[in-house]
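This briefing summarises computed features of one protein chain for a reader with the coordinates at hand. Please consult the display below alongside the text.

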Amino acid sequence: MWKLAAIIFIIAAPTLAGIGMLVPLTVFGVGQIDTNAMLIATAAGAVVALPVSIWVAKRINDLFKPRHGHPA
């Protein structure tokens with residue numbers, strides 16, 4: 001499951017970091033770019049990607065486990 005989480009993190013971290021970077025641009029506007037807010041939002045997006053990737057990997061891993069009472 002950890003290998004799957006790492007692969008998902010490779011995709012999710014840049015995606016969520018990019019979404020996080022767009023938030024200050026939307027709030028402050030392009031003419032008033034706040035570099036600190038962009039860096040903080042980008043880092044927050046990358047940090048949020050870790051539990052998201054673990055959660056998605058667990059969900060995918062659970063889909064492939066045999067259920068009780070069903071043959072494998």
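The points below are grouped by topic, from the overall fold to individual residues.

The structure is a predicted model. The protein chain has two helices and zero strands. With a radius of gyration of 17 Å, well over the 11 Å that the globule rule gives for 72 residues, the chain is more spread out than a compact globule.

**Overall dimensions and surface**

- Taken along the principal axes, the C-alpha atoms of the protein chain fill a box of roughly 60 × 20 × 15 Å.
- The accessible surface of the chain amounts to about 5,600 Å², and 73% of this area belongs to carbon and sulfur atoms.
- Of the 72 residues in the chain, 19% are buried.
- Among contacts with a separation of 6 or more, 69% are made by residues 24 or more positions apart.

**Helix α2 and its buried residues**

- Helix α2 covers residues 35–63.
- At 1.5 Å a residue, the 29 residues of α2 should span 42 Å, and the 42 Å between its end C-alpha atoms agrees with that expectation.
- The buried residues in α2 are Ala37, Met38, Ala41, Gly45, Ala49, Ser53 and Ala57.
- Helix α1 is included in what covers these buried residues of α2.

**Ala49 and Ser53 in α2**

- Ala49 lies in helix α2 and has a relative accessibility of 0%; it therefore counts as buried, the limit being under 20%.
- Leaving out residues up to four places away in sequence, Ala49 touches Phe9, Ala12, Ala13 and Leu16.
- Ala49 and Phe28 are separated by 21 residues in sequence and by 24 Å in space, C-alpha to C-alpha.
- Ser53 also has its place in helix α2, and its relative accessibility of 1% makes it a buried residue.
- The contacts of Ser53, again without residues up to four places away in sequence, are with Ala5, Ile8 and Phe9.
- Phe9 thus appears in the contacts of Ala49 and in those of Ser53.

**Leu16 and Ile10 in α1**

- Helix α1 comprises residues 2–28 and contains Ile10; Leu16 is likewise placed in helix α1.
- Leu16 has a relative accessible area of 25% and is partly exposed, because this value falls between the 20% limit for buried residues and the 50% limit for exposed residues.
- Apart from neighbours within four places in sequence, Leu16 is in contact with Gly45, Val48, Ala49 and Val52.
- Two of these partners, Gly45 and Ala49, are listed among the buried residues of α2.
- Leu16 and Thr42 are 26 residues apart in sequence, with 7.8 Å between their C-alpha atoms.
- Ile10 is exposed, as its relative accessible area is 62%, above the 50% limit.
- Together with Ile7 and Ile11, Ile10 forms a nonpolar patch on the surface, and the accessible area of the three residues together is about 330 Å².

**Charged side chains**

- The count of salt bridges comes to one.
- The salt bridge joins the side chains of Asp62 and Lys65, at 3.9 Å from N to O.
- Asp62 is partly exposed, with 45% relative accessibility.
- Lys65 is also partly exposed, at a relative accessible area of 48%.

How values were computed. Residues are numbered from 1 along each chain as its sequence is written. This is a predicted model: local features need pLDDT of at least 70, side-chain atom pairs count only at pLDDT 80 or more; totals for chains, interfaces and linings use all residues. Side-chain values use heavy atoms; hydrogens and water are left out. Patches are made of residues with over 30% relative accessible area and no salt bridge: like charges are joined within 9 Å, nonpolar side chains (Val, Leu, Ile, Met, Phe, Trp, Tyr) within 5 Å. Accessible areas come from the Shrake-Rupley method with a 1.4 Å probe; for residues, only the protein chains shown count as cover. A salt bridge is a side-chain nitrogen of Lys or Arg within 4 Å of a carboxyl oxygen of Asp or Glu. Helices (H or I, at least four residues) and strands (E, at least two) are DSSP runs, numbered from the N terminus. Buried means under 20% relative accessible area, exposed over 50%, partly exposed in between (1.4 Å probe, protein chains only). The radius of gyration is taken over C-alpha atoms; the globule rule is 2.2 Å times the number of residues to the power 0.38. Contact means heavy atoms within 4.5 Å. The expected span of a helix is 1.5 Å times one less than its number of residues.
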